[in-house]
Amino acid sequence: MELRARLEEICDKIDGYHPNPDLDTLRDAFEFACAKHEGQSRKSGEPYVSHPVEVIDIIADLHLDVASLVAGLLHDTVEDTDTTVDDLRERYGEDVAFLVDGVTKLSKFRFNTREERQAENIRKMIIAMSKDLRVILVKLSDRLHNMRTLKHMPRHKQERIARETMDIYAPLAHRLGINWVKTEMEDLSFRYLHPEEYFDIAEKVSASKEERNAFIEEVTGMLRDMLQEHGIEPEINGRPKHLWSIYRKMRDQQIEFEQVYDLLAFRIIVDEPNECYEALGHVHRMWKPIAGRFKDYISIPKPNGYQSLHTTVIGPYKERVEIQIRTREMHKIAEEGVAAHWLYKEGKAVPDEDDQQFAWLHRLMEEHQDHDDPREFLESVKIDLFHDEVYVFTPEGDVLEFPQGATAVDFAYGIHTEVGHQCSGAKVNGKIVPLKYELQNGDIVEVMTTENQRPNKDWLQFVKTGRARTKIKKAVRQEQRERSRELGRELLNKELKKHGTNVSALERDEELTELVEGSHFGSVDDMLADIGYGKTEVDDIVDKLFPPQEEDESPATAEKSMSRLGDLWNRITSQQQENAGVVVGGIDDIMVTYAQCCNPVPGDDIVGFVTRGRGLSVHTRDCDRVAHLEKARQIDVEWDKDATDENAARRAVDIRVHSADKQGLLANMSQAFSAAGVNISQAHCTTSDDQRAINTFQVLVNNVDQLNRAMKNLEKIKGVYRVERK
């Protein structure tokens, strides 16, 4: 169908639900999108703008406002054309600009891995979603159409996009209560993640279609006749369960397709809530209910607002039949979720903090603030979104929802962070239970706390919620850091005692503060913690505080030394001579050494320092120690031109590489050094719990240009975060 005709078809749909839609603005946005995407096409060969047109058809099915529809038409213009968010703000207003910005991927930022990019995209979307729920509804519409046309993508992209949809977007649709979007996304993802199983189940469901339709018609007639006899006028429909739910049951219960007895689900829709319970009683009198398969989501609604009665009975021919009973209003909310009572109709698009339907969103926002690493945040999102729910009570009668398998510790952290930290025991239904006790529907849970109790790393082995995992990890890291800081202070004090001082005295005089300024340490505490962790040597810190050249001397000795220094200075400046690759304008009997604190390399800007009894020490001009050296004993030196030659003797220098901890990365680093003609003489690697590594290399180089080439080669490696010269 020609795109403008398709647009008018969608406009007719919008007219059917919106009281006064500004369709002229929507048409203008369509023309703008056509102009901006001109010449672009999809993998299918269709004009690119066909995608945003189909996206707004889905948005219209959700009955959203015109700002959402305009954003749907323009959602790819910022990412794929020269359009900016400011351009959209000026032309279509703040609402549209904000929605498009919230949906737009972070394509202009650099990330080390695809996982990091994905995680940051999800984080950005959820932050925007917390400010305006229309962001996620537009994004769900975009993703659903992408899934419908996924067959045109390469196989590896199909799997990646389907996995992300199954892990993130389908659960988000479920949380928002938009059932038809959730089920379609799950079935489409299933098709690309497990194609053999998908087509096998689809074929078997299709093969029994005629027989199934006859059974549905028979059961529907029996239910309608029975309820009408009791004065209830129901709407009844039956359907097979969607393919993903059938596959999950087969997988979870380790059964074959033929052993899935409740393939069909029937809905009884009535007018009033009291008729739901009345209809349930009549159904149970007609057919025997299966114990343990009754759920009352009317008295205790799901967090997304879903309400219904669920029961499974032994129906005709001894077939298991699942029956859901709800009112028409409940059915509308069950299918459309948040879109059924769209917030913009009330003049707002932001859920209240005390709205229990969106408690999960507020939890995600809190966890976003607790996570520095976007990948950890993404993992937490997956845990909190993708699970079956368990409903338990506080002693005061409040209902809390947790993932299936959640424990007493999860419950404690669900109450408050400090309650979780100090949790020492729990009572369930009045009886003391272990902390790893798994919560069951209807449990009344009471947490026992002890003031001195602290989170235990072992709790991470059994907690289920992202919130509990995040809080425990953070507390354990803080405790480990505090222990390392105290150990670092103890080790440093031990060495400082030899110099007649201690950490407290140096802190009072702000000498330690001055030391860390300009260093890689963020603070004195960071430095002490690094010493405790073993990342920094105590001797390195003491040498910076008390350089070996600045030993105390008696006045007589100092005067004598200065006299010798004057003679030496005169001898150095009276003639020119090259020594050990450095032109010192000096003498033939002076020893030249290169300071180990900065390891100068031919080509570095350098300065000489006349030591007492150890000849001339050469430093880089930006070396931290130079500022502490006596000005009177510093002299200008320069590299001999032969020292910078490629054939000159090689100098040792240390390089520190911060990277991901993953297989094959060290081999890539070795290749980077080889490509620059640099040899590795020593290597030391350490890893941390957050899958990062610090790799320290001592390498041999001819000059600073060769060193810089090697460092640039390292920076290009995927998985390398930072390269620095020690």
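Are Arg134 and Asp65 buried or exposed? Both are buried, where buried means under 20% relative accessible area, exposed over 50% and partly exposed in between, with a 1.4 Å probe and protein chains only.

Before I go on, a word on the source. This is a predicted model, in which local features need pLDDT of at least 70, side-chain atom pairs count only at pLDDT 80 or more, and totals for chains, interfaces and linings use all residues. Residues are numbered from 1 along each chain as its sequence is written, and side-chain values use heavy atoms, with hydrogens and water left out.

First, the overall picture. The protein has 28 helices and 22 strands; these are DSSP runs numbered from the N terminus, helices being H or I with at least four residues and strands E with at least two. Of the 726 residues, 50% are buried. The accessible surface comes to about 36200 Å², and carbon and sulfur atoms hold 46% of that. Areas come from the Shrake-Rupley method with a 1.4 Å probe, and for residues only the protein chains shown count as cover. Taking contacts between residues at least 6 apart in sequence, 65% join residues at least 24 apart, a contact being heavy atoms within 4.5 Å.

Now salt bridges. The whole structure has 36, each defined as a side-chain nitrogen of Lys or Arg within 4 Å of a carboxyl oxygen of Asp or Glu. Back to the opening pair: the side chains of Arg134 and Asp65 form a salt bridge at 2.5 Å, N to O. Arg134 sits in helix 9 (residues 134-148) and Asp65 in the loop between helix 3 and helix 4, 69 residues apart.

Arg148 and Glu184 form another, at 2.7 Å, N to O. Arg148 is in helix 9 and Glu184 in helix 11 (residues 179-193), so this pair ties together parts 36 residues apart in sequence. Arg148 counts as partly exposed because its relative accessibility is 36%, and Glu184 is partly exposed at 24%.

A third pair is Arg625 with Asp543, at 3.6 Å, N to O. Arg625 lies in the loop between strand 16 (616-620) and strand 17 (634-635), Asp543 in helix 25 (residues 538-545), so parts 82 residues apart in sequence are tied together. Arg625 is buried at 12% relative accessibility, while Asp543 is partly exposed at 27%.

Next, the region around helix 4. Helix 4 (residues 66-74) is mostly covered, with nine of its nine residues buried. In the loop between helix 3 (50-61) and helix 4 is His63, whose phi is near 60°, a positive value in a residue other than glycine. Most residues other than glycine have a negative phi. His63 counts as partly exposed because its relative accessibility is 29%. Tyr317 also has a positive phi, about 60°, and is exposed, with a relative accessible area of 61%.

One residue in helix 7 (residues 94-103) is Val103, which is buried at 7% relative accessibility. Not counting residues up to four places away in sequence, Val103 touches His75, Val135, Val138 and Lys139. The C-alpha atoms of Val103 and Lys139 are 5.9 Å apart, with their positions 36 residues apart along the chain.

Last, Tyr297. This residue is in the loop between strand 4 (295-296) and strand 5 (309-314) and counts as buried because its relative accessibility is 10%. Beyond neighbours within four places in sequence, its contacts include Tyr306, His310 and Tyr391.
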